[in-house]
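Please read the report below alongside the sequence and the model. It treats the strands and helices before turning to charged side chains and a single helix residue.

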Amino acid sequence: MINAAAPAVIVTGVSTGIGATIARHLVNEGFRVFGSVRSAKDAKTLIDDLGEAFQPLVFDVRDAQAVNAAATQVREALQGVPLKAIINNAGFAAFGPMERLADETFEASIMVNLIGTRIVTNAFLPLLRHDDRLQTGQIINVSSLSGILNTPMNGAYCVAKHALESLSEIYRRELLPDGIDVVSIRSGPVQSEIWNKNKAEAVPYNHEPYDLMAHNARNVMAEAERNAIPAQDIADAVLQILSRPKNRVAYHFSRGAVTSRILAALPARWTDRLIAKALMKPI
């Protein structure tokens, strides 16, 4: 039986990977989780796995009409009880040089990582507002170290995540009077099936001006995959953020997080040279 008193959260992109791990962890910790999936098949699988404390919401984050319909569904299910948090996890990564990346691929990255986050946030934001200001709602955006450091062959994702960082900061400052906090999780590589997809996308750039850069970038990706942190680390971080009365504006998770932050803070020309040295070394 559903516990109506359990804190309720929205989590996007829960079919697999980080989102599925977050949803499972929060259900196990006593939360009521409304999670977005893109198919009825995924919805059934998660219901069977997570039980009554999980309720699927079938929508694509880019579809404002479907997201708003889901928000109405959640409002009716909560019966006046406010949400505890919106956890924007849905994301999309694409490999390739900015010059040759297909327009539709670049646009999809912006739509999923940025515009989709805004659509979801705006749809569910009214459900976060509490009459009792001692209780505060939260928005947690699963961002990336790519939101603070631009790297070649990962441009579409970097652009989207840099913009997401800006969006997070704007929401945080605009929502201060409502007592709603906005926190970013800036993760580095996380263990997921995204690696096989990205490695496959690297292949088309083997025989053109970007061949050397693509080759070395694939090696960097392979090393990152070997050192990727478990998705459970991100789920643990989400729970900790939800449990604290006060949080930092961003938390960094990766075995290479310190290096990324240093590179992002260095003078841009220094970072240019360091990246060039790594990605343009002879085969």
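## Terms and basis

Two strands are taken to pair if DSSP finds at least two bridges between them. Helices (H or I, at least four residues) and strands (E, at least two) are DSSP runs, numbered from the N terminus.

The model is predicted, so local features need pLDDT of at least 70 and side-chain atom pairs count only at pLDDT 80 or more, while totals for chains, interfaces and linings use all residues. Residues are numbered from 1 along each chain as its sequence is written, and side-chain values use heavy atoms, with hydrogens and water left out.

## The sheet

Seven strands make up an open sheet with parallel pairing, in the order β3-β2-β1-β4-β5-β6-β7. The edges are taken by β3 and β7 (250-253), each of which has a single partner strand, so one side of each is left without a neighbour in the sheet. From one strand to the next, the twist averages 15°, where axes are lines fitted to C-alpha atoms (for helices over the stretch in contact) and angles run from 0 to 180 degrees between N-to-C directions. In general, strands of a sheet pair through backbone hydrogen bonds, either parallel or antiparallel.

At one edge, β2 and β3 run parallel and are joined by five bridges, with G35 having P56 in β3 as its bridge partner. Between these strands the chain passes through α2, and the resulting β-α-β crossover is right-handed, a term that applies if, with the strands pointing away from the viewer, the path from the first strand over the helix to the second runs clockwise. At the other edge, β6 (residues 181-187) pairs with β7 in the parallel sense over four bridges, and the bridge partner of R186 in β7 is H252.

## Helices across the strands

Helix α3 lies across β1 (8-11), β2 and β3, and runs at about 155° to β3. Helix α5 (residues 155-174), for its part, lies across β5 (138-142) and β6, running at about 160° to β6. Contact here means heavy atoms within 4.5 Å.

## Salt bridges

The structure holds 11 salt bridges, each being a side-chain nitrogen of Lys or Arg within 4 Å of a carboxyl oxygen of Asp or Glu. Among them is the pair of D60 and R38, whose closest N and O atoms are 3.3 Å apart. This pair links distant parts of the chain, 22 residues apart, since D60 sits in the loop between β3 (54-58) and α3 (64-78) and R38 in the loop between β2 (32-37) and α2 (40-50). D60 also forms a salt bridge with R62, with closest N and O atoms 2.8 Å apart, and R38, D60 and R62 are thereby linked in a network of salt bridges.

Accessibility is graded as buried under 20% relative accessible area, exposed over 50%, and partly exposed in between (1.4 Å probe, protein chains only). D60 is buried at 18%, whereas R38 counts as exposed at 61% and R62 as partly exposed at 31%. Another salt bridge joins the side chains of E99 and R100 at 3.9 Å, N to O; E99 is exposed at 55% and R100 partly exposed at 38%.

## Residue Q232

Q232 is placed in helix α8 (residues 231-243) and is partly exposed, with a relative accessible area of 31%. Not counting residues up to four places away in sequence, Q232 touches T21 and H25. The C-alpha atoms of Q232 and F253 are separated by 11 Å, the two residues being 21 residues apart along the chain.
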